[in-house]
Amino acid sequence: MKLYLIHTGYYDKTFGEGFYEQHTNIFIVAKNAYDAREKVKKTQDYIDKKMHIDGIKEIENIDGYDIEL
């Protein structure tokens, strides 16, 4: 399994009447990027806020430390 950061965007009508795109990052553990994409689409926040995916990045190393799950 691998760790993925999913960068999502959405429009929130409570901020600036929904004109500005908001962003958030969601961490997902999955076998590959495709599975991570499909898994994040099933999260409640993703569904409730009608999010879309702006990018997916596999996290392999942080500050010189390798990530192993």
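# Notebook: salt bridges, strands and loops

I began with the charged side chains and found Arg 37, Glu 38 and Lys 41 linked in a network of salt bridges. The model is a predicted one, and I keep that in mind for every entry below.

**Entry 1. The network.** I looked up the pairs one by one. Arg 37 bridges to Glu 38, with the closest N and O atoms 3.0 Å apart. Glu 38 also meets Lys 41 in a salt bridge, at 3.6 Å from N to O. The structure holds two salt bridges. I then checked how open the three residues are. Arg 37 is partly exposed, at a relative accessible area of 30%. Glu 38 is partly exposed too, at 24%. Lys 41 comes out at 31% and is also partly exposed. As a general note, side chains of opposite charge can pair when their charged atoms come close.

**Entry 2. A charge without a partner.** Which side chain of opposite charge is nearest to Asp 12? I found Lys 49, at 5.8 Å. Asp 12 has no salt bridge, because a bridge requires a side-chain nitrogen within 4 Å of a carboxyl oxygen. Asp 12 is nevertheless buried. I placed Asp 12 in the loop between E1 and E2. Setting aside neighbours within four places in sequence, I listed the contacts of Asp 12 as Gly 18 and Gln 22.

**Entry 3. Charges over the whole chain.** I read off 10 positive and 13 negative charges for the chain. The mean positions of the two sets are 7 Å apart.

**Entry 4. Layout.** I counted two helices and five strands in the chain. Read from the N terminus, the order of elements is β-β-α-α-β-β-β. The C-alpha atoms fill a box of roughly 40 × 25 × 15 Å along the principal axes. Of the contacts between residues at least 6 apart in sequence, 54% join residues at least 24 apart.

**Entry 5. Thr 8.** I went next to strand E1, residues 2-11, where Thr 8 lies. Is Thr 8 buried or exposed? Thr 8 has 0% relative accessibility, so it counts as buried. I then listed what Thr 8 touches, leaving out residues up to four places away in sequence. The list holds Gln 22, His 23, Thr 24 and Ile 26, and further along Tyr 46, Met 51, His 52, Ile 53 and Asp 54. Gln 22 is thus a contact of Thr 8, and Gln 22 is a contact of Asp 12 as well.

**Entry 6. Positive phi.** Most residues other than glycine have a negative phi. I noted two residues that depart from this. Glu 17 is not a glycine, yet has a positive phi of about 60 degrees. Glu 17 sits in the loop between E1 and strand E2, residues 21-30. At 74% relative accessibility, I logged Glu 17 as exposed. Asp 63, also a residue other than glycine, has a positive phi near 50 degrees. I found Asp 63 in the loop between strand E4, residues 61-62, and E5. Asp 63 is exposed, with a relative accessible area of 74%.

**Entry 7. Gly 64.** Gly 64 is found in the loop between E4 and E5, where I had already placed Asp 63. With a relative accessible area of 61%, Gly 64 is exposed. I checked the distance from Gly 64 to Asp 45: the two are 19 residues apart in sequence and 31 Å apart in space, C-alpha to C-alpha.

**Entry 8. Surface and burial.** How many residues does the chain have, and what percentage of them is buried? The chain has 69 residues, and buried ones make up 25% of them. I noted an exposed area of about 5,300 Å² for the chain, with carbon and sulfur atoms supplying 51% of it.

**Entry 9. A nonpolar patch.** Which residues make the nonpolar surface patch of about 300 Å²? I found Met 1, Val 29 and Leu 69. I followed up on Leu 69, which lies in the segment after strand E5, residues 65-66. Leu 69 has a relative accessible area of 59%; exposed means over 50%, so I logged Leu 69 as exposed.

Definitions and conventions
Residues are numbered from 1 along each chain as its sequence is written. This is a predicted model: local features need pLDDT of at least 70, side-chain atom pairs count only at pLDDT 80 or more; totals for chains, interfaces and linings use all residues. Side-chain values use heavy atoms; hydrogens and water are left out. Helices (H or I, at least four residues) and strands (E, at least two) are DSSP runs, numbered from the N terminus. Buried means under 20% relative accessible area, exposed over 50%, partly exposed in between (1.4 Å probe, protein chains only). Contact means heavy atoms within 4.5 Å. Accessible areas come from the Shrake-Rupley method with a 1.4 Å probe; for residues, only the protein chains shown count as cover. Lys and Arg count as positive and Asp and Glu as negative; His and the chain ends are not counted. The place of a charge is taken as NZ of Lys, CZ of Arg, CG of Asp or CD of Glu. Patches are made of residues with over 30% relative accessible area and no salt bridge: like charges are joined within 9 Å, nonpolar side chains (Val, Leu, Ile, Met, Phe, Trp, Tyr) within 5 Å.
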